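Let's take a walk through this chain together, starting with the overall layout and then stopping at a few spots along the way. Keep the structure open beside you as you read.

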Amino acid sequence: MLNELHQLSATLASHNIKQQKWHHQYKPLPGGACYRIWFGDDDAVADVELMSKDLVKVCRKFGNNQGDISRIQHCTVVPRHIG
């Protein structure tokens, strides 16, 4: 999938097609440690891993940056059956 996304990016650039900016409610991830939570087929937590700093730079969260204790409410959940 990454190869296809790279090819799409190159095609868009070669045809001078500008990409839209991020939606205003998608915010950069906060500084410090960020974790990715993987869910299994039974919807239970299967794994938790520390995200690399490079991955954190390109990911976004959906939320309002209230800075409360429960940061899990700010994460974007992608259905596991996509891709």
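One cut-off will help before we start: a residue is called buried under 20% relative accessible area, exposed over 50%, and partly exposed in between. Gln 25 has 35% relative accessibility, so Gln 25 counts as partly exposed. Keep that scale in mind, since several of the stops below lean on it.

Now, the big picture. This is a predicted model, so there's a confidence score to look at before anything else. The mean pLDDT over the chain is 75, and 71% of the residues reach at least 70. If you go strand by strand and helix by helix, β3 comes out highest, at 90, while strand β4 (residues 60-62) has the lowest confidence, with a mean of 78.

What is the chain built from? You'll find 2 helices and 4 strands, and starting at the N terminus they come in the order α-β-β-β-α-β. Of the 83 residues in the chain, 10% are buried. The chain exposes about 7500 Å², with carbon and sulfur atoms supplying 57% of that area. As for how the chain folds back on itself, take the contacts with a separation of 6 or more: 41% of them are between residues 24 or more positions apart.

Start at the N-terminal end, in the loop between α1 (2-14) and β1, which is where Asn 16 sits. Have a look at its backbone: Asn 16 isn't a glycine, yet its phi is positive, at about 55 degrees. Is Asn 16 buried or exposed? With a relative accessible area of 68%, Asn 16 is exposed.

Gln 25 belongs to that loop between α1 and β1 too. What makes Gln 25 worth a stop is its distance to Arg 60: the two are 35 residues apart in sequence, but their C-alpha atoms are 9.4 Å apart in space. Move on to Lys 27, in strand β1 (residues 26-28), and Arg 60 turns up again. Here the C-alpha atoms are separated by 5.3 Å, with the two positions 33 residues apart along the chain. Lys 27 has a relative accessibility of 25%, so Lys 27 counts as partly exposed.

Next comes the hairpin. β2 and β3 run antiparallel and are joined by 5 bridges, and 5 residues lie between the two strands. One of the residues in the turn is Asp 43, which has a positive phi of about 65 degrees even though Asp 43 is not a glycine.

Which residue in β3 is the bridge partner of Arg 36? Glu 49 is, and the story doesn't end at the backbone. The side chains of Glu 49 and Arg 36 also meet in a salt bridge, at 3.0 Å from N to O. That pair links distant parts of the chain, with Glu 49 in strand β3 and Arg 36 in strand β2, 13 residues apart. The structure holds 1 salt bridge. How accessible are its two ends? Glu 49 has 27% relative accessibility, so Glu 49 counts as partly exposed. Arg 36 has 33%, so Arg 36 counts as partly exposed too.

The hairpin has a nonpolar side to its story as well. Tyr 35, Ile 37, Phe 39, Val 45, Val 48 and Leu 50 form a nonpolar patch on the surface, and together they have about 590 Å² of accessible area. The elements giving two or more residues to this patch are β2 (35-39) and β3 (45-50). Take Val 45 as one member, in strand β3. Val 45 has a relative accessible area of 53%, so Val 45 is exposed.

Last stop: helix α2 (residues 53-58), where you'll find Lys 53. At 72% relative accessibility, Lys 53 counts as exposed. From Lys 53 you can also look back along the chain to Ala 33: the two are 20 residues apart in sequence, and their C-alpha atoms are separated by 8.5 Å.

Methods:
Residues numbered from 1 in each chain as written. Predicted model: local features only at pLDDT ≥ 70, side-chain atom pairs only at ≥ 80, totals over all residues. Heavy atoms only, no water. Patch = residues over 30% accessible without salt bridge, like charges linked within 9 Å, V, L, I, M, F, W, Y side chains within 5 Å. Areas by Shrake-Rupley, 256 points an atom, 1.4 Å probe, with all protein chains shown as cover. Salt bridge = Lys/Arg side-chain N within 4 Å of Asp/Glu carboxyl O. Buried < 20%, exposed > 50% of the residue type's maximum accessible area, 1.4 Å probe, protein only. pLDDT = per-residue confidence, 0-100. Contact = heavy atoms within 4.5 Å. Pairing = 2+ DSSP bridges.
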